[in-house]
Amino acid sequence: MDNRQIWNDVDDYLNPLFAPDDDVLTAALRDSDSAGLPQIAVAPNQGKLLQLLAGLVGARRILEIGTLGGYSTIRLARVLPADGRLVTLEYEPRHAEVARGNIARAGLDMVVEVRVGPALDALPLLLDEEQFDMVFIDADKENNPHYVEWAVKLTRPGGLVVLDNVVRKGRIVEPGNCDPDVVGTRRALELMAHHPRLDGVAIQTVGTKGHDGLAIARVLD
Ligand code: SAH
Ligand code: DHB
Ligand code: MG
């Protein structure tokens with residue numbers, strides 16, 4: 001038994017107050033649904049939190065790993081100046097195509113670039129580019145430890161690394177759970193906690209997306 005009903009009721013109260021989906025975000029979810037994409041975008045308030053965090057670090061360059069239909073991408077890209085840049089990495093060509101449509105409708109196609117393919121292939125190429133102010137990791141969870149390592153390399157001192165879905169209904173603390181996504185997420189959390197160049201925290205969340213959580217860390221000099 002969980003308290004899903006009350007979590008939903010609270011989100012239904014909080015989200016219209018602080019994080020209402022505007023027409024562009026609503027259309028992004030609608031087009032993602034009609035294309036058959038899974039309904040695993042961040043919740044409205046989580047998207048707004050990402051936007052606030054990006055604003056707080058004065059982000060001009062953002063990296064996202066895991067685009068889906070571009071819902072979180074749109075939230076993040078909204079803080080960018082006209083000459084800013086968001087690179088988002090997506091494995092599935094069909095997801096990338098839906099995302100590109102949603103990003104163009106949001107008027108963000110000049111600042112957002114969707115790169116299609118396995119993120120682990122794309123990440124090394126980014127070493128040659130300017131460092132990022134923020135990295136949002138939200139793709140295949142078994143590779144989370146690799147993504148955290150790359151994020152530290154690719155983020156400027158003072159920048160932020162954010163890792164999504166770190167609680168997974170509490171599955172990360174189930175002793176016998178050896179699912180690759182759970183193992184990958186545990187390793188990534190331990191890496192973040194002990195990394196000499198990271199200072200972070202992880203919090204669990206409840207709401208319309210169930211029981212989950214996110215980890216946030218600042219990159220040190
Ligand atoms: N950030 C999105 C949700 C991303 S869902 C949002 O909140 O709106 C996770 C995405 O990661 C899916 O679209 C999936 O296709 C993608 N993905 C899975 N494995 C990947 C990989 N190896 N490289 C890049 N993207 C991957
Ligand atoms: C899943 C992935 C996500 O990125 C998310 O936010 C929720 C669920 C999943 O693979 O189930
Ligand atoms: Mg996620």
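**Ligand surroundings and the largest pocket**

In this predicted model, a backbone N or O atom of Ile40 lies 3.1 Å from an oxygen atom of ligand 2. Two side chains also approach oxygen atoms of this ligand: a polar side-chain atom of Asp138 lies 2.6 Å from an oxygen atom of ligand 2, and an N or O atom in the side chain of Arg168 is placed 3.3 Å from an oxygen atom of ligand 2. On its own, ligand 2 has 290 Å² of accessible area, of which the protein covers 64%. The residues around ligand 2 are Ile40, Asp138, Lys141, Asp164, Asn165 and Arg168, and by class this shell consists of one nonpolar, one polar and four charged residues.

Ligand 1 is surrounded by 22 residues, the closest being Gly66, Ser72, Glu90, His95 and Asp138. Among these, Glu90 has an N or O atom in its side chain 2.6 Å from an oxygen atom of ligand 1, while a polar side-chain atom of His95 lies 2.8 Å from an oxygen atom of ligand 1. For Asp138, the partner is a nitrogen atom of ligand 1, from which a polar side-chain atom of this residue is separated by 2.8 Å. Taken alone, ligand 1 exposes 590 Å², and the protein buries 90% of that area. The shell around ligand 1 divides into twelve nonpolar, five polar and five charged residues, and helix 4 and strand 2 each supply at least two of the residues in this shell.

Asp138 thus appears in the surroundings of both ligands, with a polar side-chain atom 2.6 Å from an oxygen atom of ligand 2 and a polar side-chain atom 2.8 Å from a nitrogen atom of ligand 1.

Both ligands are also assigned to one pocket: ligand 1 sits in the largest pocket, and the space taken by ligand 2 is likewise the largest pocket. About 740 Å³ of space lies in this pocket, which is lined by 36 residues, those closest to its centre being Ile40, Asp138, Ala139, Asp140 and Lys141. Of these central residues, Ile40, Asp138 and Lys141 also belong to the residues around ligand 2. Helix 4 (71-77), strand 2 (85-90) and helix 6 (119-122) each contribute at least two residues to the lining of the largest pocket, and helix 4 and strand 2 are also the elements named above for the shell around ligand 1. By class, the lining of the largest pocket comprises 13 nonpolar, twelve polar and eleven charged residues.

Technical notes. Residues numbered from 1 in each chain as written. Chains lettered and ligands numbered in written order. Predicted model: local features only at pLDDT ≥ 70, side-chain atom pairs only at ≥ 80, totals over all residues. Heavy atoms only, no water. Near = heavy atom within 4 Å. Polar contact = N/O pair within 3.5 Å; in protein donor to acceptor, adjacent residues only side chain to side chain. Areas by Shrake-Rupley, 256 points an atom, 1.4 Å probe, with all protein chains shown as cover. 1 Å grid on protein atoms, 1.4 Å probe; cavity = no way out; pocket = protein on both sides within 12 Å on 5 of 7 lines; lining within 4 Å. Sits in = over half its atoms within 2 Å of the grid points. Nonpolar A, V, L, I, M, F, W, Y, C, P; charged D, E, K, R; others polar. Points joined across faces, edges and corners; volume = space filled by probe spheres on them. Helix = DSSP H or I, 4+ residues; strand = E, 2+ residues; numbered from the N terminus.
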